[in-house]
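Got your viewer ready? Take this tour one selection at a time, with side chains switched on as we go.

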Amino acid sequence: MPCRKPGVDHIMKRLILCLVLVALSFGVVPALASAPVGGTGWLTITCNVDGASVYLDGSYKGAIAGGSLDIENGAYASTYSVTKDGYYDATGEINYVPGGEANLEKTVTLTPKPTGSGKGWFTVYCNVDGASVAFDGVTKGTIAGGSFTQEVSTTGTPYTSYSVSKSGYVTDSGSISGMPADGQTVSLYATLNPVPTTSPTLIGGSTGFYQVTCNVNGASVYFDSSYQGEIADNSLTVPVYLTGTPYKTYRVEKSGYVTATGSMPSRPAKDKTVTFAVTLGPVTTQTATPLPTTIEPLGSEHGWIAVHTNVDGATVTLGGYDMGTTRNGVLKVQVSTTGTPYSEFTVSKAGYTTVTGTIPRNPSAGETVDVYATLSEEQPAPTTQSPVLIPTIAAGLVGAMVVLRMSRK
């Protein structure tokens, strides 16, 4: 009796089963590296934000696309940075080891700035480090590494002016046209020039004298923006030319103190002295320090705890309270010397291991206690690649052949 040949539907079912077996065998193919096979010196930057710009040793190399960027000879660079508007920058060292891995991979996580929270930033750039930065007459911090960044509320009272000052330099100031939008940074600029070493020479005519007394030695004195000298032994005597244009205003300033201004007193008579007193008060820096539950006693003083870290944008907590984020490698927090001292600090940022440390002591009045934290990038879980790629594919093909032979019987 002749064998019955399988029908068309039966053959089609067998063929589909074969295709499924082959597809399953390819489904276990591991992800291959983007660097070319046999290539060396490649650096792969993986990032959670497409469109972010990648720099090696300060030189632009390209933008993240599809979650990564491959850079030929990038492994031999020293540092990398990844930036994008609306995110905190991420930086790090490459640490290529000759004789080690032929190609390197760095995983970067960009943390978004808190858009939607009503916050923006002013960044003040200046040519003199250590200069004090003030907004509307209130000092907020000092220039470090050529800049200072101040976080502001976009819905708060807008600032109208800023000034940058340092002892021995002429104060530079400017106006602020508007507050930053949500998540925006507005750049401001100041250039400080050394003050003149001598007062203008008086030429002929009758002279009188102004004597300025002040509680702060080293403060700079100006008459109508003309520098006259510094307070020494709590006073400064300035000769004036009585037949010249009279001065109208005075200004006395020193870094760390609120600038004092006012109208000049009446002009002195010939060879006479007119004395007026100026009192400078220390600036009060607004910080994220929690409000005290009780009013500090009169005469209480303040110091600072400076938390240094290798990662900008890291969150710093003292005693469980959020104090802000690091910028230019540091966050300086004002604390009361008479309040309950902080004993522990924590520094954290997404993508990095959290560091907790001990604060050795409470600062004394005017003193800064420095503590340090080094954050390390969290290592991604290793990807296990299957070593049986070829055998698996072969098994799938063999299975397909067996099914086809069965269908012919």
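**Cysteines to begin with**

Show the cysteine sulfurs: the disulfide count here is zero. Keep in mind that this is a predicted model. Two cysteines are still worth a click. Cys126 has a relative accessible area of 9%, so it counts as buried. Cys214 is buried too, at 5% relative accessibility.

**Into the nonpolar core**

Next, select Val212, Phe223, Val252, Phe276, Val278 and Leu280, the residues with the most contacts inside the largest nonpolar core, which has 20 residues. Now colour the strands that feed it: β17, β18 (220-223), β20 (235-241), β21 (249-253) and β23 each supply at least two of the core's residues. As a general background, nonpolar side chains in soluble globular proteins tend to be buried together.

Zoom in on Val278. Which residues does Val278 touch, leaving aside its neighbours within four places in sequence? You should find Val212, Thr213, Cys214, Asn215, Tyr250, Val252 and Ala260 in contact with Val278. Among them is Cys214, the buried cysteine from the opening stop.

**Aromatic rings**

Switch to the rings. Across the whole structure there are 12 aromatic pairs. Pick Tyr210 and Phe276 as an example: the ring centres are 6.3 Å apart and the planes sit at 75°, so this pair is edge-to-face. Follow the backbone from each ring and you'll see that the pair links distant parts of the chain, with Tyr210 in strand β17 (residues 207-214) and Phe276 in strand β23 (residues 273-278), 66 residues apart. Both rings are tucked away from solvent by the numbers: Tyr210 is buried at 3% relative accessibility, and Phe276 is buried at 11%.

Now add Phe223, Tyr247 and Tyr250 to the selection. Together with Tyr210 and Phe276, they are linked into a cluster by ring pairs. Phe223 and Phe276 also appear among the core residues with the most contacts.

**Charges over rings**

Where does Arg251 lie relative to Tyr222? Turn the ring towards you: Arg251 lies over the face of Tyr222, 4.1 Å from the ring centre. Then jump to Trp304, where Lys332 lies over the ring face at 5.2 Å from the centre.

**Salt bridges**

Last stop. Side chains of opposite charge can pair when their charged atoms come close. How many salt bridges does this model have? The count is three.

Stay with Arg251 for one of them: its side chain meets that of Glu253 in a salt bridge, at 3.2 Å from N to O. Are these two residues buried or exposed? Arg251 and Glu253 are both buried.

Next select Lys119 and Glu151, whose side chains meet in a salt bridge at 3.6 Å, N to O. Lys119 belongs to strand β8 (residues 119-126) and Glu151 to strand β11 (residues 147-153), so this bridge ties together parts that are 32 residues apart in sequence. Lys119 is partly exposed, at 32% relative accessibility, and Glu151 is partly exposed at 35%.

Finish at Arg361 and Glu367, a salt bridge with its closest N and O atoms 2.7 Å apart. Arg361 has a relative accessible area of 42%, which makes it partly exposed. Its partner Glu367 is partly exposed as well, at 22%.

Terms used. Residues are numbered from 1 along each chain as its sequence is written. This is a predicted model: local features need pLDDT of at least 70, side-chain atom pairs count only at pLDDT 80 or more; totals for chains, interfaces and linings use all residues. Side-chain values use heavy atoms; hydrogens and water are left out. A salt bridge is a side-chain nitrogen of Lys or Arg within 4 Å of a carboxyl oxygen of Asp or Glu. Helices (H or I, at least four residues) and strands (E, at least two) are DSSP runs, numbered from the N terminus. Buried means under 20% relative accessible area, exposed over 50%, partly exposed in between (1.4 Å probe, protein chains only). Rings of Phe, Tyr and Trp (its six-membered ring) pair if their centres lie within 6.5 Å; planes under 30 degrees apart count as stacked, over 60 as edge-to-face and the rest as tilted. A charge sits over a ring if NZ of Lys or CZ of Arg is within 6 Å of the ring centre and within 35 degrees of the ring normal. A disulfide is a pair of cysteine sulfur atoms within 2.5 Å. A nonpolar core is a set of buried Ala, Val, Leu, Ile, Met, Phe, Trp, Tyr and Cys residues joined through side-chain atoms within 4.5 Å. Contact means heavy atoms within 4.5 Å.
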